[in-house]
Structures are given as structure tokens and as C-alpha cells.
Amino acid sequence: MTTVPLPLMDPRQVPVVQVDAHMPAVSAASLRPDALRQRFLTPPTWQPELVAEKKFMERAPMHAAVLITVVMRQEPTVILTQRTVHLSTHAGQIAFPGGKLDETDADAAAAAQREAYEEVGLESQWIEVLGQLPLYTTGSAFVVTPVVALVQPGFTLHANVHEVSDVFEVPLNFLMNPANHRHHQVHWQGVERYWLSMPYQDGVQERFIWGATAGMLRNFYRFLVA
């Protein structure tokens with residue numbers, strides 16, 4: 001899930017004010033399944049960097065959950081989706097599988113797994129939930145619980161064409177390297193707004209990861225590097 005796009009503004013065109021090439025990448029060893037399991041079993045003392053965006057929509061908060069899936073390939077990857085352009089919120093943006101919590105969901109982890117199945121057909125038999133990252137509040141008033149999980153390879157994905165136009169994987173080591181984290185700044189609605197992007201070149205196509213998705217990945221980075 002990502003924030004609603006700002007009206008009449010292409011986030012790709014907003015100036016980059018900083019790239020974090022000076023910061024250390026998470027080591028390859030720390031991205032292996034056993035290391036990730038241990039990190040959640042005995043978490044370090046740490047603080048998330050990004051927890052709330054400046055509001056650009058007035059409405060009651062809505063609770064949601066997303067699934068940050070670490071696919072246990074030889075080089076771990078993360079499953080992301082491209083949302084369809086006709087959706088009322090988050091249209092066309094890159095997101096984690098996820099959505100609003102239902103009354104029937106036992107908890108955020110259950111909601112994230114249900115949404116992952118509904119959106120991309122990822123069945124729970126392939127999923128091992130590790131834990132959660134701190135809440136992230138979007139500018140559109142979604143209060144999001146990021147649920148981190150390992151995913152065993154062998155699954156078959158089937159995108160829900162009403163919500164997802166594409167589903168793809170990005171190497172985890174790319175996302176956990178701050179040299180790929182870009183800071184953007186724009187003046188809008190009388191205030192300065194900031195966000196991160198992590199553009200990934202997927203063959204000939206650029207996957208422009210930004211907003212809340214990039215923010216939650218940045219917190220995941222902070223958690224792993226602490």
C-alpha cells in the first residue's frame with residue numbers, strides 16, 4: 001500500500017535532494033532466512049525513521065496491514081504489486097500486498113495474509129510470519145501495520161486484475177542498500193513534504209517505488225542495520 005498520489009504532480013519529477021550512498025548497506029548474511037528469524041526473535045533497540053506522513057486528506061483513520069514478503073531464493077527478493085489505475089485510492093502505485101482490516105480478521109498478520117491471497121493468490125502454506133514493524137500512518141489516513149514474512153519458493157501467483165495490474169519481485173539487497181534510497185522534497189498545500197523513492201530498473205522497465213512503500217522499507221532497513 002502506498003499513499004494517494006498528489007494531484008497534478010508526477011513524483012518522478014519532484015527534485016531529489018539527497019541520496020544516502022554514505023550509509024552502510026545491510027550485509028548479505030543479515031538477509032538470509034536464519035538471520036532474519038533471529039533478528040525478530042531478539043530484536044535490537046532501535047527507532048523507526050518514518051512513522052507518519054503529513055496529512056493531505058481529512059477523514060477518520062482506517063487500519064490496514066501489508067505483507068512484506070521475503071522470498072527465500074538464493075538471492076532473497078520482495079514481492080511487490082502495481083495497483084490498477086482505476087482504483088479510488090493508491091491508483092497505479094507500487095505497493096505491498098495488503099489492505100484494510102476486516103472485522104473477521106484475527107489480527108494484522110491474518111489481514112495481511114488474507115489480502116495477499118485475494119490480491120495475488122499467495123497461499124498461507126508458503127508463508128512464515130516473522131513479526132511486525134512499527135505502525136506507519138499515510139497522508140491519506142491509513143494506519144498501516146507492516147507484517148514481515150518469509151515465503152518459501154514454489155508458489156504460483158495469480159493477480160486479481162481488478163486490483164493488481166502487475167506483480168513482480170525486487171532483490172532485497174537492492175532495497176536494503178541506502179545508495180538506492182533517494183529523498184524528495186516538494187512544497188504543496190502550504191507545507192514542505194518529503195518522501196523516499198527507490199527506483200528499480202527491472203529490465204527495460206523502471207519500478208518507481210516511493211511514498212509509504214519506500215518509507216516502510218526504510219524502517220525495515222533501520223531495523224536490520226541497528
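In the predicted model, Arg 114 is found in helix α2, which covers residues 108-120. The relative accessibility of Arg 114 is 18%, and because buried means under 20%, this residue counts as buried. Two polar contacts of the Arg 114 side chain were identified. One is made with the side chain of Asp 102, at 3.4 Å; the other joins Arg 114 to the side chain of Glu 115, at 3.3 Å. When residues up to four places away in sequence are not counted, Arg 114 touches Lys 100, Leu 101, Asp 102 and Asp 105. Asp 102 thus appears both in this list of contacts and as a polar partner of the Arg 114 side chain.

Leu 67 is part of strand β2, which comprises residues 62-71. A relative accessible area of 0% places Leu 67 among the buried residues. Apart from residues up to four places away in sequence, Leu 67 touches Phe 96, Pro 97, Ala 112, Ala 116, Leu 122, Ile 127, Val 147 and Ala 149. Among these, Ala 112 and Ala 116 belong to helix α2, given its range of residues 108-120, and Val 147 and Ala 149 fall within β8 (142-151). Pro 43 stands 24 residues from Leu 67 along the chain, and the C-alpha atoms of the two are separated by 19 Å.

Ala 141 is located in the loop that runs between β7 (136-137) and β8 (142-151). With a relative accessibility of 8%, Ala 141 counts as buried. The phi angle of Ala 141 is positive, at about 75°, although the residue is not a glycine. Along the sequence, 80 residues separate Ala 141 from Pro 61, but in space their C-alpha atoms are 4.8 Å apart. Pro 61 is also one of the residues in contact with Ala 141 once neighbours within four places in sequence are left aside; the others are Arg 59, Ala 60 and Met 62. Of these partners, Met 62 belongs to strand β2, given its range of residues 62-71.

His 183 has its place in strand β10, made up of residues 182-188. The relative accessible area of His 183 is 17%, and the residue is therefore buried. A polar contact of 2.7 Å links the side chain of His 183 to that of Asp 20. Beyond its neighbours within four places in sequence, His 183 is in contact with Pro 15, Val 16, Val 17, Gln 18 and Asp 20, and also with Glu 49, Trp 195, Leu 196 and Arg 218.

For the protein as a whole, the secondary structure amounts to four helices and 13 strands. The C-alpha trace spans about 45 × 40 × 40 Å along its principal axes. The radius of gyration is 16 Å, which agrees with the value near 17 Å that a compact globule of 226 residues would have. Of the 226 residues, 51% count as buried. Among contacts with a separation of 6 or more, 73% are accounted for by residues 24 or more positions apart.

The protein exposes about 10400 Å², and carbon and sulfur atoms supply 53% of this area. There are 16 positive and 22 negative charges, and the mean positions of the two sets are 6 Å apart.

Technical notes: Residues numbered from 1 in each chain as written. Predicted model: local features only at pLDDT ≥ 70, side-chain atom pairs only at ≥ 80, totals over all residues. Heavy atoms only, no water. Helix = DSSP H or I, 4+ residues; strand = E, 2+ residues; numbered from the N terminus. Rg over C-alpha atoms; globule rule 2.2 N^0.38 Å. Buried < 20%, exposed > 50% of the residue type's maximum accessible area, 1.4 Å probe, protein only. Contact = heavy atoms within 4.5 Å. Areas by Shrake-Rupley, 256 points an atom, 1.4 Å probe, with all protein chains shown as cover. Lys, Arg positive; Asp, Glu negative; His and termini not counted. Charge placed at Lys NZ, Arg CZ, Asp CG, Glu CD. Polar contact = N/O pair within 3.5 Å; in protein donor to acceptor, adjacent residues only side chain to side chain.
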